[in-house]
Amino acid sequence: LVELLLDPPTVRLEQRPAPKIGPAKPVYKVETTDPVVFLTIDDGAHRDPAMADVLKRNGIRATFFLTEVYAKRDPDFFRRLRDDTGSVIENHTATHVNLKGQPGVFQANEINPVSDRYQQWFGARPTLFRAPYGNSDDATLQAAGEAGARYVVNWGSEVVDGQVRFSGPQEFRPGSIVLMHFRDTFEKDVNAFVAQARKNGLRPALLTDYLK
């Protein structure tokens with residue numbers, strides 16, 4: 001009896017698309033009843049070794065949203081500032097361009113390579129992203145998510161030249177996110193932030209302890 005060997009039947013494999021990384025979530029304040037307020041400091045244009053003492057003296061662990069054009073000038077400075085104060089370094093684009101309305105590829109190129117480099121320079125990949133000028137759209141949220149960010153962080157008030165500027169209620173509330181910049185008014189701005197926080201019965205806290 002001769003057994004005929006037939007060609008095996010063709011197996012049709014199901015083609016599944018690669019899993020899509022979801023967009024980051026926009027946040028303007030943290031939903032919490034804890035008496036906490038969050039200081040975020042942007043860009044990195046001005047550097048001063050005294051900044052670490054200012055933050056430590058006031059018990060502040062801040063979130064540094066660094067723009068790569070400034071961060072790359074002195075990564076060691078920002079690494080030391082982070083480590084000395086217990087702060088964190090997050091992504092604020094490569095060149096501080098207005099992202100809103102730009103093509104998705106353009107936005108991804110402003111965000112993703114920065115997270116890659118920050119992981120190399122600072123030993124941790126950013127989990128937060130801030131859009132320049134607070135201007136973002138759906139493409140921004142998607143690009144930030146693909147870069148590994150869970151949240152696109154906005155703010156409710158800003159400290160400029162030692163004065164707190166409010167965009168809503170004229171006070172800090174539990175979960176408020178406050179914007180500041182690396183400027184030569186750094187100490188004056190930190191003091192204004194601390195004074196307002198104390199007035200409202202709040203203590204500074206680290207954003208990544210709450211946005212997980």
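## Notes on the predicted model

1. **The largest pocket.** Its lining is made up of 14 residues, and Lys 29, Gly 156, Pro 169, Glu 171 and Ser 176 are the ones nearest the centre. This is a predicted model, so please read each point below as a statement about a prediction. The space in the largest pocket comes to about 190 Å³. Sorted by class, the lining has 6 nonpolar, 5 polar and 3 charged residues. As background, rolling a probe the size of a water molecule over the atoms shows where empty space is left.

2. **The annotated domain.** The UniProt record, an unreviewed entry, lists residues 35-212 as "domain: NodB homology". The annotation may be inferred rather than shown by experiment. Over that range the chain is 37% helix and 21% strand. The C-alpha atoms at the two ends of the range are 18 Å apart.

3. **Helix H1, buried side.** Which residues of H1 are buried? Within residues 50-57, they are Met 51, Ala 52, Val 54 and Leu 55. Looking down the helix axis, these buried residues fit within an arc of 160°, so they line one face of H1. What do they pack against? Two strands are involved, S2 (36-43) and S3 (63-66), along with two helices, H3 (75-85) and H6 (186-199).

4. **Helix H1, other residues.** Ala 50 belongs to H1. Ala 50 is partly exposed, at a relative accessible area of 37%. From Ala 50 to Leu 81 the chain runs 31 residues, and their C-alpha atoms are separated by 9.6 Å. Asp 53 is also found in H1. Asp 53 has 44% relative accessibility and counts as partly exposed. Take Asp 53 with Thr 140: they are 87 residues apart along the chain, with 35 Å between the C-alpha atoms. Just past the helix, Gly 59 has a positive phi of about 65°.

5. **Val 36, in strand S2.** Val 36 sits in S2, one of the elements that the buried residues of H1 pack against. Is Val 36 buried or exposed? Val 36 is buried, and its relative accessible area is 0%. Setting aside neighbours within four places in sequence, its contacts are Arg 173, Pro 174, Gly 175, Ser 176, Leu 202, Arg 203, Ala 205 and Tyr 210. One of these, Ser 176, is also among the residues nearest the centre of the largest pocket. Val 36 and Phe 172 lie 136 residues apart in sequence, yet 9.1 Å apart in space, C-alpha to C-alpha.

6. **Asp 34, in the loop before S2.** Asp 34 is placed in the loop between strand S1 (25-27) and S2. The residue is partly exposed, with a relative accessible area of 30%. Which residues does Asp 34 contact, leaving aside its neighbours within four places in sequence? They are Pro 174 and Tyr 210. Both names also appear in the contact list of Val 36. Asn 109 is 75 residues from Asp 34 in sequence, and the C-alpha to C-alpha distance is 37 Å.

7. **Positive phi at Thr 93.** Most residues other than glycine have a negative phi. Thr 93 is not a glycine, yet its phi is positive, at about 75°. Where does Thr 93 lie? Its place is the loop between strand S4 (88-91) and helix H4 (104-122). Thr 93 is buried, with a relative accessible area of 0%. This backbone angle merits a look in the viewer.

8. **Positive phi at Asp 161.** Asp 161, again not a glycine, takes a positive phi of about 50°. The residue falls in the loop between strand S7 (157-160) and strand S8 (163-166). Asp 161 has a relative accessibility of 46% and counts as partly exposed. By contrast, Thr 93 is buried.

Methods. Residues are numbered from 1 along each chain as its sequence is written. This is a predicted model: local features need pLDDT of at least 70, side-chain atom pairs count only at pLDDT 80 or more; totals for chains, interfaces and linings use all residues. Side-chain values use heavy atoms; hydrogens and water are left out. Buried means under 20% relative accessible area, exposed over 50%, partly exposed in between (1.4 Å probe, protein chains only). Helices (H or I, at least four residues) and strands (E, at least two) are DSSP runs, numbered from the N terminus. The arc is that of the directions from the helix axis to the C-beta atoms. Contact means heavy atoms within 4.5 Å. On a 1 Å grid over the protein atoms alone, a cavity is a set of points where a 1.4 Å probe fits but cannot get out, and a pocket is an open set with protein on both sides within 12 Å along at least five of seven lines; lining residues have an atom within 4 Å of a point. Grid points are joined across faces, edges and corners, and a volume is the space filled by probe spheres set on the points. Ala, Val, Leu, Ile, Met, Phe, Trp, Tyr, Cys and Pro count as nonpolar, Asp, Glu, Lys and Arg as charged, and the others, Gly among them, as polar.
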